[in-house]
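Welcome! Take a moment to turn the structure around on your screen. We will visit an enclosed space first and then a helix.

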Amino acid sequence: LKDIMKGLQELISKKIIHRDLKPQNFFIHNDVHKIGDFGFAKFLNSEDEVIVTTMLGTPLYMSPQCLGKKGYSSKCDIWSLGICMYEMLTGNTPWPSNNHLELLNHMQNVSIKFPNDIVISQMMKNIILRCLSVNEEFRITWKELFEHPILFEALAFQTGFGNEKSSTFLAEKKNLAVSCTT
């Protein structure tokens, strides 16, 4: 996840939202994972700017706000990241559906379930659940995401911030290898 998070940090620092984050848009070049396909990307005036637009992106990875054609902010990419993390760990997306209306209904009314046959730490489950909060107001913020203990240390090695943290989370992260960067 380190490269994904570094890439997202760069996008957010430049006030860019991708709006189509999904595993198919993560590419590997020289052992570095990169974010690609910026066809739906948009510059924002601020991280909290609300965008009202038509449905853009891939429905399985869209936030309920995007899928429901409601106003959304840069947190739509946090939702997509949560879906990607869930899929990387389980091999499936959280809400199998036959169409976008059924998917939206599942997102709004069906709790996320983690498979019992796959070991996923409580800390990882926590970050996924916070990324996938249906209400954008309660979804984890970019700052909280970048400072979350499961991701913080990987980012600290590259960005230089947070060196006071210990290495206790490295073992937990070693199996989270799929990532990207800009």
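Please keep in mind that this is a predicted model. Two topics are worth your time here: a cavity of about 50 Å³, and helix α4, which spans residues 100-109.

**Helix α4 and its neighbours**

- The buried residues of α4 pack against α2 (64-67) and α3.
- Which residues of α4 are buried? They are L103, L104 and M107.
- Viewed down the axis of α4, these buried residues fall within an arc of 100 degrees, so they line one face of the helix.
- A general rule helps here: an α-helix has 3.6 residues a turn, so residues three or four places apart point the same way.
- On the other side of α4, you will find L101 and N109 exposed.
- Look at the start of α4 too: a side-chain oxygen of N99 comes to within 3.1 Å of the backbone nitrogen of L101.

**The cavity**

- To look for empty space, one rolls a probe the size of a water molecule over the atoms.
- How many cavities of 30 Å³ or more are counted? The count comes to one.
- The volume of the largest cavity is about 50 Å³.
- Its lining includes R19, D20, L56, Y61, M62 and C66.
- Helix α3 (residues 75-90) gives the largest share of the lining of the largest cavity, with three residues.
- Sorted by class, the lining of the largest cavity holds six nonpolar residues, three polar ones and three charged ones.

Conventions:
Residues are numbered from 1 along each chain as its sequence is written. This is a predicted model: local features need pLDDT of at least 70, side-chain atom pairs count only at pLDDT 80 or more; totals for chains, interfaces and linings use all residues. Side-chain values use heavy atoms; hydrogens and water are left out. On a 1 Å grid over the protein atoms alone, a cavity is a set of points where a 1.4 Å probe fits but cannot get out, and a pocket is an open set with protein on both sides within 12 Å along at least five of seven lines; lining residues have an atom within 4 Å of a point. Grid points are joined across faces, edges and corners, and a volume is the space filled by probe spheres set on the points. Helices (H or I, at least four residues) and strands (E, at least two) are DSSP runs, numbered from the N terminus. Ala, Val, Leu, Ile, Met, Phe, Trp, Tyr, Cys and Pro count as nonpolar, Asp, Glu, Lys and Arg as charged, and the others, Gly among them, as polar. Buried means under 20% relative accessible area, exposed over 50%, partly exposed in between (1.4 Å probe, protein chains only). The arc is that of the directions from the helix axis to the C-beta atoms. Contact means heavy atoms within 4.5 Å. A polar contact is a pair of N or O atoms within 3.5 Å; within protein, one must be able to donate a hydrogen and the other to accept it, and residues adjacent in sequence count only if both atoms are side-chain atoms.
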